[in-house]
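Subject: Handover of a protein structure

Dear colleague,

Please find below the structure that I am passing on to you. I would ask you to keep it open while you read the notes that come after it.

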Amino acid sequence: MTHMQSISVDLPDDVLAALGNAADAAGCRPSDYLNAVLRVVLSEVPARSDGQEELIRQAIHHSADWLDLQRRLRARGYVLRRAAGGGLAIHTWPRDRAILSIEDLGYSLAGLVLKFGATFPGDFSGARRARLAPPPSAA
């Protein structure tokens, strides 16, 4: 587990307001947002270490739902996004660069849908198909 320490940072009012707005838009605390930004800036190329992958696995395992998972990942400098091939991928956050698929961690989209009892947020493909299906005949 990562040991966290409190620090004091002097910021101009406009930077502090921008930090608060960015954190609100991302749905997290300003300290989590700042932590993620600093992780990205201090390590331009994210290292794929077993330790980091284990942190991501733990976040997935301990999450109660999709929102909880995104919060846990963001606190560690990651976010879950839909991958081009239809699965899910872990991205750096807030830079939003794909670093690995969830399949690389031993998970699948279908497995997480079953775990959380809901489709991935923003995934309306099933709803679209349902609307396009012909209505049942009234015979």
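The notes below describe what was found, beginning with the overall fold and ending with the charged pairs.

**Overall picture**

Please keep in mind that this is a predicted model. The protein contains six helices and three strands. Along the sequence, these elements appear in the order α-α-α-α-β-β-β-α-α. The chain has 139 residues, and 29% of them count as buried. Its accessible surface amounts to about 9200 Å², with carbon and sulfur atoms accounting for 57% of that area. If one takes the contacts between residues at least 6 apart in sequence, 46% of them join residues at least 24 apart.

**The nonpolar cores**

In soluble globular proteins, nonpolar side chains tend to be buried together. In this model, the largest nonpolar core has 18 residues. Which of its members touch the most other members? They are Trp66, Leu69, Leu73, Leu80, Leu88 and Ile90. Two or more residues of this core come from each of helix H3 (50–62), helix H4 (66–75), strand S1 (78–82), strand S2 (88–92), strand S3 (98–101) and helix H5 (109–116).

Leu73 is a good residue to select on your screen. Leaving out residues up to four places away in sequence, Leu73 touches Ile56, Ala59, Tyr78, Val79, Leu80 and Ile90. There is also a second, separate core, made of eight residues, and among them are Ala23, Cys28, Ala36 and Trp93.

**The strands and the loop after S2**

Strands S1 and S2 run antiparallel and are joined by five bridges. Within this pairing, Val79 faces His91 of S2. The two strands make a hairpin, with five residues between them. Gly86, in the turn of that hairpin, has a positive phi of about 105°.

The loop between S2 and S3 holds two further points of backbone geometry. Pro94 is located in this loop, and the peptide bond that leads from Trp93 to Pro94 is cis, with omega near 15°. Asp96 also belongs to the loop between S2 and S3. Although Asp96 is not a glycine, its phi is positive, at about 70°. Asp96 has a relative accessible area of 35%, and therefore it counts as partly exposed.

**A glycine between two helices**

Gly27 sits in the loop between H1 and helix H2 (30–42). What is the distance in space between Gly27 and Gln70, which are 43 residues apart in sequence? From C-alpha to C-alpha, Gly27 and Gln70 are 9.3 Å apart. Setting aside neighbours within four places in sequence, Gly27 is in contact with Arg71 and Arg74. With a relative accessible area of 44%, Gly27 is partly exposed.

**A nonpolar patch on the surface**

Some nonpolar residues are found on the surface. Ile7, Val9, Leu11, Val15 and Leu16 form a nonpolar patch there, and together they have about 450 Å² of accessible area. Ile7 is part of the segment that precedes helix H1 (13–26). Is Ile7 buried or exposed? Ile7 counts as exposed, because its relative accessibility is 70% and the term applies to values over 50%.

**Salt bridges**

Side chains of opposite charge can pair when their charged atoms come close. The structure holds five salt bridges, and three of them are described here.

One joins the side chains of Asp32 and Arg29, at 3.0 Å from N to O. Asp32 is buried, with a relative accessible area of 13%, whereas Arg29 is exposed, at 53%.

Another salt bridge links Glu53 to Arg57, with the closest N and O atoms 3.8 Å apart. Both residues belong to helix H3, where Glu53 and Arg57 are four residues apart, about one turn of the helix. Glu53 counts as buried, because its relative accessibility is 10%, while Arg57 counts as partly exposed, at 25%.

Arg57 also meets Glu54 in a salt bridge, at 3.9 Å from N to O. Arg57 and Glu54 are three residues apart in helix H3, again about one turn. Glu54 counts as partly exposed, with a relative accessibility of 36%. Through shared partners, the salt bridges join Glu53, Glu54 and Arg57 into one network.

Yours sincerely,

A colleague

Terms used. Residues are numbered from 1 along each chain as its sequence is written. This is a predicted model: local features need pLDDT of at least 70, side-chain atom pairs count only at pLDDT 80 or more; totals for chains, interfaces and linings use all residues. Side-chain values use heavy atoms; hydrogens and water are left out. Buried means under 20% relative accessible area, exposed over 50%, partly exposed in between (1.4 Å probe, protein chains only). Contact means heavy atoms within 4.5 Å. Accessible areas come from the Shrake-Rupley method with a 1.4 Å probe; for residues, only the protein chains shown count as cover. Patches are made of residues with over 30% relative accessible area and no salt bridge: like charges are joined within 9 Å, nonpolar side chains (Val, Leu, Ile, Met, Phe, Trp, Tyr) within 5 Å. A salt bridge is a side-chain nitrogen of Lys or Arg within 4 Å of a carboxyl oxygen of Asp or Glu. A nonpolar core is a set of buried Ala, Val, Leu, Ile, Met, Phe, Trp, Tyr and Cys residues joined through side-chain atoms within 4.5 Å. Two strands pair if DSSP finds at least two bridges between them.
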